[in-house]
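The following paragraphs offer a guided reading for someone meeting this structure for the first time. Please keep the sequence and the model in view while reading.

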Amino acid sequence: MEHIGILEGREKQVFEKKGGIETSDIACETSSLSGSVSQRACVFCGSRVVLYPVADAIHIVHGPIGCAAYTWDIRGAVSSGPELHRLSFSTDLQEMDVIYGGEKKLYLSLIELIEQYKPKAAFIYSTCIVGLIGDDIDAVCKKVAAETGIPVLPVHSEGFKGTKKDGYKAACFALMKLIGTGSTEGISKQSINILGEFNLAGEAWIIRKYYERMGIEVVSTLTGDGRIDAVKRAHGASLNVVQCSGSMTSLAKDMEEKYGIPYIRVSYFGIEDMSKSLYDVALHFPEHPEIMEAAKQVVSEEVKKLYPELQKFKKALTGKKAAIYVGGAFKTFSLIKALRSIGMSVVLAGSQTGNKDDYRRLKEMCDEGTVIVDDSNPVELSKFILEKEADLLIGGVKERPIAFKLGIGFCDHNHERKIPLAGFVGMYNFALEVYQSVMSPVWQFAPRKGGNR
Amino acid sequence: MKHAKTATQNACKLCNPLGACLAFRGIENCVPFLHGSQGCATYIRRYLISHYKEPIDIASSNFHEESAVFGGSHNLQVGLKNVTAQYKPEVIGIATTCLSETIGDDVPMILREYTKTYRNGSPMPIMIHASTPSYQGSHIDGFHAAVRATVETLAEKGERQNLVNMFPNMVSPADLRYLKEIFTDFRLPCMLLPDYSQTMDGGPWGEYHRIPPGGTPASAIANAGKATASIEFTSTLADSKSAAGYLEGAFGVPRHKLSLPIGIKESDKFFDLLETLTEQPRPEKYEDERRRLVDAYADGHKYVFEKKVILYGEEDLVVAMTAFLREIGMTPLLCASGGKSGQLKQRLIELIPDLEEQGIKVREGVDFMDIEDEAKVLKPDFLIGNSKGYTMSRKNNIPLLRIGFPIHDRFGGQRAHHIGYRGTQELFDRIVNTVIEQRQNASSIGYTYM
């Protein structure tokens, strides 16, 4: 087979764990190399991901049609009520708008859409071109807010102005403007906000129930099944519990600074981390030992149900190898543990947007011989999948065809998933999905396995 | 309630660079390259993957702030160098996005500069540049722009050869394979562009392919100027944007413009043309296909007669489907497109001279909210178009027959036939079955013979 090298300029973003030799940090948090076919997206994507599930606001993409068309109803974020987030609105800028400016079109679009849909708020995403032609979207938003009486929030997400992470920040900045504008009356002292949980396939509902069983009030979920009124009163909670840390830690920090609300980082994937996220919240309320008792109760009930179910999968999957390439690095920690609990090892772990701490921790966690990559690309991913003889790839839509072409199983652990993978029940679904993909008899026909000829 | 008109709601189109990327995937050993932000490449990959279920590597020059201020030349050059190193392509298809177009990067000049700097005797990929600003037109314009830019870059002058250029429009990989089969059966050498029949619907890999096998070789495209004829399937493409138009002007290659051959009459025109070009009758196999189709029309005619539909999609597809629907007695209540060539109505009037008297509506530049508003009033029996109409289909309880691109919620969109007798047969069967299923579901008796 042809040797595949690592692209010049990317060597430091790839690391293979060998013999416990102390090495320098993996390079990360840089912009993608031009021409490298990064799996990353752009600033706009970051903002859109974070705010997408807010279901009673309208989301208007200010720019040419592409950005809105490609993000129309693409995520599995579900709502228990209004579903404005599943519509796609764009100012669809044309050449004349680019020449003469798009402010007027944005203004009219906003006024008309707000009239038609009566949303609780509007988010306006500025795309690449808006950053160039210099539309003053702040001024338009201010004017429309004054005229319509609802919050109209600019999200400065011009695609080229940084990375996806800057998009997260822009989205958090918009949320920060809403937080603190609602009444906190009646909020319990034993209360939390769930941050970085997007209610894919109803995951936020699963998590929320666990906390409620512990006697904790969930003030607001940011932004899964999101509601503007709930966001407005989020500052009334006693603790912020941050999942998808890459996207929402900046909001947690801002809320800590402004409202004195501490935050903890958690993950809801796998038995170990799911349990820990309940215990960590309970630990925050030491004056209420009954919360810890309830947490233990929840964990014990759920694990008792789940553990025997997992054994069938474990028996089949023991010794199989997985490759992980996901958006945020924090998720990879949980996935490694979750995979180990069903007998699988991890031969490749990578993320689009991990930071130095994340990668240090990954190095500690991983087995010998595991490859760790930052901001990888299809060529590299394929190289390592083949070299390490992985049986499974965990990633998103863009990674899926790589796995299937090479004849290995795949688990979608990104925003498009339609099956909840968080929580205890999510661990069952995860194991089932991995089992169904890895153990499928179709792989016998893959050329890699001799094509059954 | 009247809906907001200024904003586009649930767009019935995609952006210009998407079409260009797809077309470039139909050239052998070619990597599509977007000169703009990283997100454009990533979103377009995602969107295409969800339909074709194939890996699609699209490189990006990955603009950042300095590039937007000082120009994207540096990023483009570094990007080309990296793509060349990693993919070893024979061709790089460069499409511009709204960003690089607006800052006014002079891409041809940057490419000349790049070639001068990096040539050093080593082989340099052929670079094709298509201008595809997203604020103009839609994905279909980008598709044609890339095809035209490809022949502009590669076609050479020379002695006439026994060769026909075939520009098939944005059809499915299955349609492309069918076209190749037809040309092979006519023993007529053909330069099919683009040909993503294998790159977008190929087999499994034993080893990693930087670029999937398949596509039209650059060397074959070079002969396009020497062909005896060009055939293009389009009814709305302006001459100034057509690859066949360019070859006619620059090399005197006679151009034959046909509508997408959907339905018997339009397919006949295509096969008649092939008979004329080869001076031989069509192979018996296609007579058989045609006979079976005529037979099927007879068997199924009562199910479809005067069934009312709303049809939407790229303008050329809408025109071709209208021709087909009319010959089986169906009524398109509304022919709609997100595209805006300004040609749609005229082309449809040529097909149906009394279009207005019949109350057939034609609308271009629409979004799905516009179509939904119409659907509520027109109450069609079903909708025909891509899978993005599912939202309105579900909401208004009108069945949707999925054709074209994208099909994101059904399996096998890349293997669906649309053109020729074979494609028409498949479409006809599906339409009849849609009607039968509707009747069966509506019946309280539960007939097992329909």
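A salt bridge is here a side-chain nitrogen of Lys or Arg within 4 Å of a carboxyl oxygen of Asp or Glu. Side chains of opposite charge can pair when their charged atoms come close. The model under discussion is a predicted one, and a search of the whole structure, over all chains, returns 49 salt bridges.

One of these joins A:Glu212 to A:Arg208, with N and O 3.3 Å apart. Both residues belong to helix H8 of chain A, where they stand four residues apart, about one turn of the helix. A:Glu212 is partly exposed, at 42% relative accessibility, and A:Arg208 is also partly exposed, at 27%. Another pair within a helix consists of A:Lys305 and A:Glu302, whose closest N and O atoms are 3.7 Å apart. These two residues lie in helix H12 (residues 289-317) of chain A, three residues apart, again about one turn of the helix. Here the two ends of the bridge differ in their surroundings: A:Lys305 counts as exposed, at 55% relative accessibility, whereas A:Glu302 counts as buried, at 9%.

Chain B provides a bridge between separate elements. B:Asp239 and B:Arg255 form a salt bridge in which the closest N and O atoms are 3.0 Å apart. B:Asp239 sits in the loop between strand S8 (229-233) and helix H10 (243-251) of chain B, while B:Arg255 is in strand S9 (residues 255-258) of chain B, so the pair ties together parts that are 16 residues apart in sequence. B:Asp239 is partly exposed, with a relative accessible area of 47%, but B:Arg255 is buried, with 17%. Elsewhere in chain B, salt bridges with shared partners connect B:Asp268, B:Asp272, B:Glu275, B:Arg282, B:Glu287 and B:Arg290 into one network.

The next subject is the contact between the two chains. The size of an interface is often given as the accessible area lost when the parts come together. Chain A and chain B bury about 5,900 Å² between them, and 61% of this area is on carbon and sulfur atoms. On the side of chain A, A:Tyr70, A:Trp72 and A:Lys405 lose the most area to chain B, together accounting for 15% of what that side buries. The contact involves 65 residues from chain A and 67 residues from chain B. Two salt bridges are counted between the chains; one of them pairs A:Asp92 with B:Lys13, with the closest N and O atoms 2.9 Å apart. Polar contacts across the interface number 23 residue pairs, both residues being at pLDDT 80 or more. Several elements of chain A give two or more residues to the side that touches chain B, among them helix H1 (43-51), helix H4 (103-117) and helix H16 (400-406). The largest share of that side, seven residues, comes from H4(A).

Aromatic rings form a further set of contacts, with 28 aromatic pairs found over all chains. In one pair, the ring centres of B:Trp205 and B:Tyr208 are 5.6 Å apart and the planes meet at 75°, so the arrangement is edge-to-face. Both partners are buried: B:Trp205 has a relative accessibility of 6%, and B:Tyr208 has 7%. B:Tyr246 and B:Phe251 are likewise edge-to-face, because their ring centres are 6.1 Å apart and their planes lie at 85°. Ring pairs also link a cluster that includes B:Tyr178, B:Phe183, B:Phe270 and B:Tyr421. In chain A, A:Lys143 lies over the face of A:Tyr107, 4.2 Å from the ring centre, and A:Lys363 lies over the face of A:Phe15, 4.3 Å from the ring centre.

The backbone deserves a final look. Most residues other than glycine have a negative phi, and most peptide bonds are trans. A:Asn199, however, has a positive phi near 55°; this residue is in the loop between strand S6 (191-197) and helix H8 (203-213) of chain A, and is buried at 0% relative accessible area. B:Glu306 also has a positive phi, of about 55°, but is exposed, with a relative accessible area of 52%. The peptide bond from A:Leu222 to A:Thr223 is cis, with omega near 0°, and A:Thr223 is in strand S7 (residues 217-223) of chain A. A cis peptide bond also runs from B:Leu193 to B:Pro194, with omega near -5°; B:Pro194 is located in the loop between strand S7 (190-192) and helix H9 (218-222) of chain B.

Conventions
Residues are numbered from 1 along each chain as its sequence is written. Chains are lettered from A and ligands numbered from 1 in the order in which they are written. This is a predicted model: local features need pLDDT of at least 70, side-chain atom pairs count only at pLDDT 80 or more; totals for chains, interfaces and linings use all residues. Side-chain values use heavy atoms; hydrogens and water are left out. Rings of Phe, Tyr and Trp (its six-membered ring) pair if their centres lie within 6.5 Å; planes under 30 degrees apart count as stacked, over 60 as edge-to-face and the rest as tilted. Buried means under 20% relative accessible area, exposed over 50%, partly exposed in between (1.4 Å probe, protein chains only). A charge sits over a ring if NZ of Lys or CZ of Arg is within 6 Å of the ring centre and within 35 degrees of the ring normal. Contact means heavy atoms within 4.5 Å. Buried area is the accessible area (1.4 Å probe) that two parts lose on being put together, summed over both. A polar contact is a pair of N or O atoms within 3.5 Å; within protein, one must be able to donate a hydrogen and the other to accept it, and residues adjacent in sequence count only if both atoms are side-chain atoms.
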